[in-house]
Amino acid sequence: MIFLKSIRCNGMLFGPFNSFSQRRWKKPVVSAQTHLETRTKDLKLDKLVTCINKLKTILSIHQLMSQRKRGPFVSVQLMSRWRNIVGINVGMGAFLHKYQHVFELFEHPFRRNLCCKITRRMRSLIDEEEKVVKEYEPGLVQKIKKLLMMSRNGTLHVHALRLIRRELGLPEDFRDSILRRYSKDFRLVDLEIVELVDRNESLAKAEVEKWREKEYIDKWLSEFETSYAFPINFPTGFKIERGYREKLKNWQRLPYLKPYESKEVLKVRTCGGTERFEKRAVGIIHELLSLTVEKMLEVDRLAHFRKDFAIEVNVRELLLKHPGIFYICTKGSTQTVFLREAYSKGCLVMPNPIYVVRRKMLDIILLGCRNTRSMEDPEEIEEERVFRTNGGGRIDGDWVIPILESYDQNAFGSLGEINDRCESGRNQTVCLEDDSS
């Protein structure tokens, strides 16, 4: 037998058969990433974000196509160079074939190469959105004024507004068409900062305050319960832990500085300042999302408003801390935050004219490559028929006539005689049926 000596070190035995290392128990790290991974998902909103990302890609392709001055169509070979620009990971030809109700592929009548153009139906919706944006211009002016009224000094960076231009429903040239045109309301400082000229107190009312008044009247709740409360709408399957209801009830009653109140910002280090400061940030983000067209915004773009709105907290952690008010979707390359109260079953509860047009675009995208020709515009079908006929193409059914003409004219006669014989045969059949009856 071989006896092995064990070494005693700090009161523990180490040897070839009993060697082990002491491991300390570590408390699990709770961060924004772990909260994001363990959150309760909303599948309807996730599906909606996937469709919206496809719509943004299609609109980016349309914008690149509209920059071409040679005509309303572009060759597919040239469009294949735009893959990295628009951010698609499949071939351009496969992507265009996938959305036949958005892109129309045809062969050029002279060059004989494959070309693409936007369908009449999709083009009409894009023009309709631009028309609605122009008609909705007074409401857009009020949106910008409300954003400036929420800021600390009544100023905002034009670049920050440009990043959320589509979410607010602003036109592409909003700096010239709105900011310069309405000089009584806005003033441009160094061409990159917009300043509020006149503060309108009639606009200093948040959307959540309108909800509070309705809750106070309809449900007969006390003013103490509704003065600082927010609408809570948890996703399906959300597990409420022990003591969470009591914490939420106390947080709903906690007073805070409202978004449009022009007072000095509450300091975090004061008594109860952390909770009130966070609740003020929740109120500002809630109002910012309420001003958007689809009540949604990319989380990264909220960082451009932190300094102007005096939000000195981690925005992502704040959003994840209140799952009954906000929902973060991770579909796509960016994270998108939704206002939960504004949606029901994946649709906006109170739609606006711009949202209605964009929803029609999403419906066309959802059709994909399905054969629903009866839903297409009759003018578009007739235009395609004329184009294919003049361009030397062959329409469905044209192959029948050469086959009939190839038969012997003496045996079967002309096409007119064939039609006459068929017609006489039908008449004889009808007469026989009448005699039998």
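Before we start, one term: two residues are in contact when they have heavy atoms within 4.5 Å of each other. Keep in mind, too, that this is a predicted model.

**Exercise 1. Find out how H2 and H17 sit against each other, and which residues meet where they pack.**

*Solution.*
Step 1: Look at the geometry. H2 and H17 pack at an angle of about 95°, and their axes are 10 Å apart.

Step 2: Put a word to that angle. Angles of 65 to 115 degrees count as roughly perpendicular, so H2 is roughly perpendicular to H17.

Step 3: List who touches whom. H2 brings Leu-48, Cys-51, Ile-52, Lys-54, Leu-55 and Ile-58. On the other side, H17 brings Arg-358, Arg-359, Met-361, Leu-362, Ile-365 and Leu-366.

Step 4: Sort them by class. The contact of H2 with H17 has nine nonpolar, no polar and three charged residues.

**Exercise 2. Do the job again for H6 and H7: at what angle do they pack, and what is the make-up of their contact?**

*Solution.*
Step 1: Helix H6 covers residues 120-135 and helix H7 covers residues 137-150. They pack at about 65°, with axes 5 Å apart.

Step 2: That angle makes H6 roughly perpendicular to H7.

Step 3: Now the residues. From H6 we have Val-133, Lys-134 and Glu-135, and they meet Glu-137, Pro-138 and Leu-140 of H7.

Step 4: The classes come out as three nonpolar, no polar and three charged residues for this contact.

**Exercise 3. Hunt for cavities: how many of 30 Å³ or more are there, and what lines them?**

*Solution.*
Step 1: Here's the idea behind the search. Rolling a probe the size of a water molecule over the atoms shows where empty space is left.

Step 2: Searching the whole structure turns up two cavities of 30 Å³ or more.

Step 3: Take the largest cavity, at about 50 Å³. Its lining is made of Ile-284, Ile-285, Leu-288, Leu-302, Phe-305, Phe-309, Ile-311 and Val-315. By class, that's eight nonpolar, no polar and no charged residues. Helix H14 (residues 273-290) gives the most to this lining, with three residues.

Step 4: Move on to the second largest cavity, with a volume of about 30 Å³. Ile-52, Lys-56, Arg-166, Glu-167, Glu-294, Met-296 and Arg-358 line this one. Its lining has two nonpolar, no polar and five charged residues. Helices H2 (43-66) and H9 (165-168) each supply at least two of them.

**Exercise 4. Describe the largest pocket and the second largest pocket, starting from their volumes.**

*Solution.*
Step 1: The largest pocket holds about 1500 Å³ of space. It is lined by 46 residues, and the closest to its centre are Lys-56, Leu-59, Ser-60, Arg-165 and Arg-166.

Step 2: Ask which elements build that lining. Those giving two or more residues include H2, helix H5 (92-98), helix H8 (158-163), helix H10 (174-179) and helix H17 (353-367). H2 gives the most, with 10 residues.

Step 3: Sort the lining by class, and you get 15 nonpolar, 14 polar and 17 charged residues.

Step 4: Over to the second largest pocket, with a volume of about 1100 Å³. Of its 36 lining residues, the closest to the centre are His-35, Tyr-244, Leu-320, Lys-321 and Pro-323.

Step 5: Helix H1 (32-37), H13, H14, helix H16 (315-321) and strand E10 (326-329) each give two or more residues to this lining. H13 has the largest share, five residues. By class, the second largest pocket has 18 nonpolar, nine polar and nine charged residues in its lining.

**Exercise 5. Work out how the rings of Tyr-228 and Tyr-256 are arranged, and where the two residues lie in the chain.**

*Solution.*
Step 1: The structure holds 11 aromatic pairs. Tyr-228 and Tyr-256 form a pair, 5.9 Å centre to centre with 70° between the planes.

Step 2: Planes over 60 degrees apart count as edge-to-face, and that's the label for this pair.

Step 3: Find the residues in the chain. Tyr-228 is in the loop between helix H12 (223-226) and helix H13 (244-253), while Tyr-256 is in the loop between H13 and H14. They are 28 residues apart, and the pair links distant parts of the chain.

Methods: Residues numbered from 1 in each chain as written. Predicted model: local features only at pLDDT ≥ 70, side-chain atom pairs only at ≥ 80, totals over all residues. Heavy atoms only, no water. 1 Å grid on protein atoms, 1.4 Å probe; cavity = no way out; pocket = protein on both sides within 12 Å on 5 of 7 lines; lining within 4 Å. Points joined across faces, edges and corners; volume = space filled by probe spheres on them. Helix = DSSP H or I, 4+ residues; strand = E, 2+ residues; numbered from the N terminus. Nonpolar A, V, L, I, M, F, W, Y, C, P; charged D, E, K, R; others polar. Axes fitted to C-alpha atoms, helices over the stretch in contact; angles between N-to-C directions. Parallel < 35°, antiparallel > 145°, perpendicular 65-115°, else oblique. Phe/Tyr/Trp six-rings, centres within 6.5 Å; stacked < 30°, edge-to-face > 60°.
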